[in-house]
Amino acid sequence: MIANKKKKVELISSLSRFGALFILVVIGSMISDVFLSGRNISNVITNASVMIILGVGQTIAIITNGPDLSAGSIMTICAVIAAILVKTFGMFFLWAFGLAIILGIALGLLNGFMISKVGIPSFISTYGLQWAVFGFAYLILRGYVLYDFTASFRFLGNGYLFGFIQMPIAVMIIVVISGIAVMKWTTLGRRFYSVGANSESARLSGVDTDKTVIYAFMISGGLAALAGIVLVARINAVQADIGRSYLLPVIATVFMGGTSPTGGQGSIIGTVIGALIIAIVQNGMNLLAVPSEWREAIIGALIIITVLIDILVRKRFTHLQKA
Amino acid sequence: MNKIIKRIKNIPPVLIVIFILVIVFSQFSRNYLTIRNLLIILQQSSVLLVISIAATFVIISGGLDLSLGAIMTISGVTTALAVNAGLPIILVIAIGGLTGFACGAVNGTLIAIAGMRPFIATLGLQGILYGFSLALTNKVGIHVSNEKFIFLGDLVNRVVPMAAISCAIIFLFALYVQNHTTLGRYAYAIGGNEEGARLSGVNTTFWKWLVYAFAGLLCGLGGVILVARLEVADPIVGIQWEFEAIAATILGGSSLRIGKGDIRGTIIGVLLIAILRSGLNVVRVPSIWQPATIGTIIILSIVFQVIITKKELGKK
Amino acid sequence: MEQTEYLLEMKNISKFFPGVKALDQVGFTLKRGEVHVLLGENGAGKSTLMKVLAGAYVPDAGEVLVEGKKVERFSPRRAQSLGVGIIYQEFNLVPYINVAQNIFIDEFPKKWFNMRIDHKKMHVDADSLLASLSMNVDTHAIAQELPVAQQQMVEVAKALTHDLKILVMDEPTSALSDREIEKLFDMIRALTAKGIGIIFISHRLQEIPLIGDRITILRDGKYIGTREVRETTSDQMVSMMVGRDLGSLFHRDFQKSGEQVLKISNLSSKKTGLKHINLELNRGEIVGIAGLVGSGRSELARAAFQADKYEEGEVFFFGEKIKHGNPRKAIQRGMSLIPEDRKRQGLSLILTVAENIVLSSLSKLYPTGFISFKKEDEIVKKYIKDLRIATPHSRQIVQNLSGGNQQKVVLAKCLCTEAEIYIFDEPTRGIDVGAKGEIYSFMNELAKMGKAVLMISSELPEIIGMCDRIYVMREGNIVADYNKENATQEKIIAHAMGAKKEECTI
C-alpha cells in the first residue's frame, strides 16, 4: 500500500512535468501565431538540442555525485579551441573537434579527480574550475569574436542529416539514446546510480567509487565540449563567454526533469522534457521581446519554483500517507 | 630543536604561502613593500573580507551560499539609487543592509523552511538578483558623487583607508556575533550536529534562516562600501565573488561539512587572494592573464589545504 | 487527584514507518522518584517510544499525559518545557563547542539587555551544576574531546538546566567501566531522591535489580507487561523479552572443519585501534567475535575485508597474501561482508531489490558491460524465493521493505557473488524474531556447504548457539578465544568487560 502511494507520487510528479510542457505549448500558441509554425518549432528544438546535450552529462554527474558547475566553462573553452585550431591553424575540422572533445574529457577527469581522490565537494571543485577555465578562455580570445567558419565546420550546426533532420537535433538524438542506453543497460550506468544512492554501500559492494565518479565527470566534460562545438557551428561565431549563460538553464533543466539533487535518482528523458520546457520559455521570451536582462532572472525563478513545487507535492502526499 | 620544528609545523600552510609570495613579489618591485601599496591592498581586499565572513558563517552552519556576490551587487545598486535620490547617509546604509538582509531571508526561507538544497536555492537566486540589478541599472553602472557617501570607501588624503576601516568595523561586529551571541553559537551547533541541536530544544529552522539572512545583511553592507569605494554601482560586479569568498573560507581553515571554523581564519584566506591580486600587477602579469592565474592558484591552494587537513584528520 | 499519581502516562501509542509497525498500542507509566526500566531486544521499539516522549517523532495514534495533563503538539522544545530530559545513546552534543555552551545550548545566560552571551556566568553556572552531580569536568573543554562517561555527565547537566521531572537514559551503561557505572547509579539515586522519575533503558539484566523499581517489557513494537523488579527473576524477564525459549532459535549441524581460507596475522592499525590481531578461519566453520560495542569488532571485519587500511600485519585469502587491497579485490577473491549498519553501508535504499542484489556481482554477471534483464530477473527471482524475501516484485524500492527483508536483500547480494568467506556484522540487529531464525538457518546452510563464516554479534546467546569457535575482543585486542565446548556467557562477558564481575547481557 505504501509502495503504491510512493509510486503515485512519482507518477504525479512526472505527469506534472508533461502537464507543464503542454500548458506552455498552449500558452505559446496563444501569445503568438508564429509559435506553432514548423519553422519556430524546429527552431525551439534546435535550441533545446545544445541544452539537452549538456543536460545529459549534467544528469549523469548529478545522479552519481553532484552538479558539474564547470560545464558552461568547459563548453566555452572547447569551442574556442576548436575554432582557433580551424581558423588560425587551418586544421582539418574533424581533428579539431576531436581535440576539443578530448580537452573536455580531460577537464572532466580533473574535476573527477579533485572530487573523488582529493575529496573536495563537487560544487566547490567544479565551481572553482569554472572560474579558472573561463579565465583561460578569455586569455586565449582576449575579448575578440571569432566568426565565419568554413561550410564543413558549420555543417554540424546548420546542415541536415538525410536532407531533413537538422544536425544539432541529430547529434542530440544520438546523445540522448546513448545516454539512456548507458544508464539503463550497462553496468556502468548501474554503478552511477549506486554510487549516487549510497557511496559507502557501493564501495563495500565492490564498486570502484572513485573511478565511477571520475567517469561521470569525464562524460559530463566530453558532452560539454560537444555542446560547445555544436553551438559554435550553429551561430557561426565564438567569444569567451559563450557558455556562461548556459549554466543556470542546464541545472534548471535537470532538476525540472525530476533528477534528485541528492543523487541516485533521475532520468535522462526527464532532462529532455525539462530542456524543452526551458527552450519554450526562452522562445516565448524572444517572441514577447522580453529584455535580455530579465531572462536569467526568469530562469532562476523557474528553477526555484519547480523545485519548490516538487518538494511541496512530495510533502503533501507523504502527509496523506500517514493519515 | 624539536619544539621549534613543532612550532613551524603548526603554522598554517597558507601563511607560509603568503610569506613566500610577499618575498617573491617584493623582489620584482621596490614599490611592493611600501606603506602606500599595503594601504591599497587593504582598500581593495576589505570588501572581499566582508563577503568572505558571510560565506564563513554559512559554511560553519553546514550550508553554502552561491548568491553572496549577487546580493552584494544588488545591494550596491539600491544603495546607489538611494544616494542619488538624496537620502541621508544613515538611511542609505540601512537600505543597502536591508536589501542584503531581505535577499538572505529569501535564501533562508527556501532552505530552512521549504527544505531546498542550498546550492539550488542560492544558484537560482543568483540568477534572479543579477536580473534585477541589470534591470535597475539599465545594464550600465550608476555613478554616485555624493562626497559624504564616497567618504565611506575613500582613501582619505591618501593615508586613511576608509573602506578598510568600515569593513573592519563590520568584521568586529561579525566577530561579536560569532562569539557572543546566540546566533553565532547556534551556527556552530547546527553545522556540528543539527539533529542533536534540534533534540536539545534549539529551533534549528529559525536559526538556520537567520544565518542566511545575516550573511545577506553582511553582503548588503559590503555592497554599500564597495559602491562608496568604486563610486559606481556596476550591475555585474559581484560575479565570481562568492567563489573567492568560499575559497578564502576554506583557505582560512574552516572545513566544509563540519561545524568548525572561525571568521578570524578567513582573514588569512582573503589576505592570500589580495596579495596574489596585487602581486600579479607588480610582476606585470597582463590583466588578461589574471583571472586564469588567480583561479588556478586558488584551486591549487584548496587542493593542498584539503589534502593537508585530511592528513591531519588521519593522524588522529 | 488520582491522576497525578503518575508523572507520566503514555497510552496506546502507535507509530508506523514504511513497511514496519514500530510501535503498536504501547502503554507506559512513570511515578515520581522511581527508576522504571524499559527492557526489550534491539528493534523492540524502546528507542522509538522514547523519541515520541522527546517530541522527536509524532505518534500516529495514542496520547501522552504529563502530570495528568494531556500534551498536544509535541516537539523537542515542548517536551523540554514540560521537564522531559533525554540522554540518547548516540553522541548528541555539539562536537566543536565547549562543555558550558553545550550545557546551556537551548538558553544561553545573557547580559547587556540580552545582547551578549554571558560567558563568565555560563561557566560558573555550568561548574556548579556539574559540582552538584559531584563531577569534575573542565567547562572549557571541547565536547568531542571528552571521554564518554564525562560526555554523559554533560548531557545530564544539560537536562538539569530545566525544571527536570522526567529523565530518560538510553543504555547509559553500555560504554562505561564498572567504576563509572557505580558513579552513575549514585547520581541516579540522588536524582530520584529529588522526586525525578527516571526511565532507564538497558540490555544488561544483571544491573536491573541494582537500580530499577519497576520494569516494562516491549517486544516487536508491542507492550508485553509491567512488573515490580523485586518480584521478577532474570529468567522471567528473558522469556518475556524473547517470547520463547532462546535455544530453539539456533540450529546448527556441527561438522569437522576443512582447509584454512582466511588468516590474519599480527594486524595493527593506529587509526582504528586494532592491536596485533591474529585470527584464522576454516571451511565449514562459523567463528564468532564477541565484545562490547567499540571494542574493535567491526573494525577487524572491515580490515579483513580491506575496507579500511592497516599499517601492520598481513591478511591471507586461501594462503595468498593480499597487498593494497580494497573491497572490490576482496569480493573478487571470494569474500563477502554483511555490514553492521544496513542502511548506511549495506544497501542503496532508494534503488530496487534487483539492483541491490546484483550490485556486487555486476562484472561477473555481465562481463561485456551490458545488462541482460532476462538473466537478472532469473537470478533475482531465485534469491527472492530461496531467502523468502517478502517483496511484491523484484523492482520494488528497498526502502519500503521491513528490516528483516532488507537484511535478506543484503544477504542475497553477498550470496550472489558466490563467495567462499562470509563476514556477518551484527546480522540480526533490529530485525524481528522470525527473520532472525531464518538468518541463523542460512548461516548453518552456508557452513554445511563448506563455506566459512565469521560472525560479529553483541547477542551472546546467538554467538554461543551458532559458533564453533569464539574470539573475544576488548579495546582493539583479541583477549580470549574459546571453542563451543568451553564457552559460557559469563566467561565471555568477563573478558569482554575486562572485569572479574560476572555480568550478563542479552
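How many residues of chain C are in contact with chain A, and how many of chain A with chain C? In this predicted model, 38 residues of chain C touch 27 residues of chain A. The two chains bury about 2,600 Å² between them, with 55% of that area on carbon and sulfur atoms. Four salt bridges are counted between chain C and chain A, and the whole structure holds 40 over all chains.

**Confidence in chain A**

- The average pLDDT of chain A is 86, and 94% of its residues score at least 70.
- Residues 319–323 of chain A fall below a pLDDT of 50, and this stretch has three contacts in the model beyond near neighbours in sequence.
- Where pLDDT is low, the predicted coordinates should not be read in detail.
- Among the elements of chain A, the lowest mean pLDDT (73) belongs to helix α1 (residues 2–31) and the highest (95) to helix α10 (residues 209–235).

**Interface between chains C and A**

- C:R328, C:I350 and C:I371 supply 20% of the area that chain C buries against chain A, more than any other three residues.
- C:R328 also forms a salt bridge with A:D208, with the closest N and O atoms 3.4 Å apart.
- Twelve residue pairs, both at pLDDT 80 or more, are in polar contact between chain C and chain A.
- On the side of chain C that touches chain A, at least two residues come from each of α10 (327–332), α11 (342–346), α12 (353–358), α13 (362–365) and α14 (373–386) of chain C.
- The largest share of that side, four residues, is supplied by α11(C).
- By class, this side of chain C consists of 17 nonpolar, eleven polar and ten charged residues.

**Salt bridges within chain C**

- C:D468 and C:R252 form a salt bridge, their closest N and O atoms being 2.8 Å apart.
- C:D468 lies in the loop between α17 (460–466) and β21 (469–474) of chain C and C:R252 in the loop between α8 (234–242) and β13 (260–269), so this pair ties together parts 216 residues apart in sequence.
- Both C:D468 and C:R252 are buried.
- C:R302 and C:D308 meet in a salt bridge at 3.0 Å, N to O; C:R302 is buried at 15% relative accessible area, whereas C:D308 is partly exposed at 22%.

**A network around C:E376**

- C:E376 pairs with C:R395 in a salt bridge, with the closest N and O atoms 3.1 Å apart.
- C:E376 sits in helix α14 of chain C and C:R395 in the loop between α14 and α15 (403–416), so the bridge ties together parts 19 residues apart in sequence.
- C:E376 is buried, with a relative accessible area of 0%, while C:R395 is partly exposed at 30%.
- Salt bridges with shared partners join A:R190, C:E355, C:E376, C:D377 and C:R395 into one network.

Methods:
Residues are numbered from 1 along each chain as its sequence is written. Chains are lettered from A and ligands numbered from 1 in the order in which they are written. This is a predicted model: local features need pLDDT of at least 70, side-chain atom pairs count only at pLDDT 80 or more; totals for chains, interfaces and linings use all residues. Side-chain values use heavy atoms; hydrogens and water are left out. pLDDT is the predictor's confidence in each residue, from 0 to 100. Contact means heavy atoms within 4.5 Å. Buried area is the accessible area (1.4 Å probe) that two parts lose on being put together, summed over both. A salt bridge is a side-chain nitrogen of Lys or Arg within 4 Å of a carboxyl oxygen of Asp or Glu. A polar contact is a pair of N or O atoms within 3.5 Å; within protein, one must be able to donate a hydrogen and the other to accept it, and residues adjacent in sequence count only if both atoms are side-chain atoms. Ala, Val, Leu, Ile, Met, Phe, Trp, Tyr, Cys and Pro count as nonpolar, Asp, Glu, Lys and Arg as charged, and the others, Gly among them, as polar. Buried means under 20% relative accessible area, exposed over 50%, partly exposed in between (1.4 Å probe, protein chains only).
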